[in-house]
Amino acid sequence: MPNTDQPFRLNWATLSTGEKRSENGPDLSIFVGDLGADVTDSLLHETFASKYPSVKAARVVIVANTGRSKGYGFVRFGDETERSQAMNEMNGVYCSSRPMRIGAATPRKSSGYQQQYSLQGGYASNGNSTQSDGDSSNTTIFVGGLDPNVTEEDLRQPFSQYGEIVSVKIPVGKGCGFVQYANSQQEKC
């Protein structure tokens, strides 16, 4: 990213539609702690999805201004039975080089901008990006771990080489941004 040396997070962003959980519905997420610094969203997802097919998403929580892992994350399930099984069976199982600590996730209300977008896809701080099996027509990417001084133009410049950009948005104080392309046939970032 121009004007900064820090790593950043890059994911596909999609508008939450049918997958958005209703306010009254159960939260089928679990807390996963004691994760190594090398554990990515993709690795966490694969660790659980290989055993529990109903896994919908996995997310490693990062420090916004450094892009480094906080050492914990969350896994969301589509099935309550599999969630319960995972809580019992995955505690102490290794993910990368460390045994995981599993617990119940405490639901949290999200801010307006985060309610509009759900994160999907791969993790990248080294330029490698993977689009998930979700919507292949998605044209918006999420960029996290941004320095507070990064402007929309700073964000637009490095991504413009991959296709025509429709819009760039940086929500105030969130340490992230969104880049929307004109079409989904962009070269890999």
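E80 is partly exposed, since its relative accessibility is 37%. The side chain of E80 meets that of R83 in a salt bridge, with 3.4 Å from N to O. This is a predicted model, and a search of the whole structure finds 4 salt bridges. The briefing below covers the charged residues, then the sheet and its helices, then the nonpolar cores.

**Salt bridges**

- E80 and R83 are 3 residues apart in helix α2, so about one helical turn separates them.
- R83 has a relative accessible area of 13% and is therefore buried, whereas its partner E80 counts as partly exposed.
- R101 forms a salt bridge with D34, and the closest N and O atoms are 3.4 Å apart. This pair links distant parts of the chain, with R101 in strand β7 and D34 in the loop between β2 and α1, 67 residues apart.
- R101 counts as partly exposed because its relative accessibility is 41%; D34, at 32%, also counts as partly exposed.
- E89 forms a salt bridge with K51, where the closest N and O atoms are 3.5 Å apart. Distant parts of the chain are linked here too: E89 belongs to helix α2 and K51 to the loop between α1 and β3, 38 residues apart.
- E89 has 38% relative accessibility and so counts as partly exposed. K51 is partly exposed, with a relative accessible area of 47%.
- In general, side chains of opposite charge can pair when their charged atoms come close.

**A buried charge without a partner**

- E82 lies in helix α2. E82 is buried yet has no salt bridge.
- Which side chain of opposite charge is nearest to E82? That side chain is K56, 10.0 Å away. A salt bridge requires the nitrogen to be within 4 Å of a carboxyl oxygen.
- Leaving aside neighbours within four places in sequence, E82 is in contact with Y52, P53, S54, V55 and F77.

**Sheet and helices**

- Four strands form an open sheet in the order β3-β4-β2-β7, with antiparallel pairing.
- β3 (55-62) and β7 (101-104) are the edge strands; each has a single partner strand, so one side of each has no neighbour in the sheet.
- Neighbouring strands of this sheet are turned by 25° against each other on average, direction ignored.
- The antiparallel pairing of β3 with β4 (residues 69-77) runs over 6 bridges. Within β4, V75 stands opposite A58.
- Helix α1 (residues 41-49) lies across β2 (29-33), β3, β4 and β7, and runs at about 140° to β3.
- Helix α2 (residues 80-89) packs on the sheet and touches β2, β3, β4 and β7; its direction makes about 140° with that of β7.

**Nonpolar cores**

- The largest nonpolar core has 18 residues, of which V32, L44, F48, V75, F77 and M100 touch the most other members.
- β2, α1, β3 and β4 are the elements that give two or more residues to this core. The largest share, 3 residues, comes from β3.
- Outside its neighbours within four places in sequence, V75 is in contact with L28, S29, I30, V32, L44, F48, V55, A57 and A58.
- Apart from the largest core lies another core of 11 residues, among them I141, L146, V150 and F159.
- In soluble globular proteins, nonpolar side chains tend to be buried together.

Note on methods
Residues numbered from 1 in each chain as written. Predicted model: local features only at pLDDT ≥ 70, side-chain atom pairs only at ≥ 80, totals over all residues. Heavy atoms only, no water. Pairing = 2+ DSSP bridges. Axes fitted to C-alpha atoms, helices over the stretch in contact; angles between N-to-C directions. Contact = heavy atoms within 4.5 Å. Core = buried A, V, L, I, M, F, W, Y, C linked by side-chain atoms within 4.5 Å. Buried < 20%, exposed > 50% of the residue type's maximum accessible area, 1.4 Å probe, protein only. Lys, Arg positive; Asp, Glu negative; His and termini not counted.
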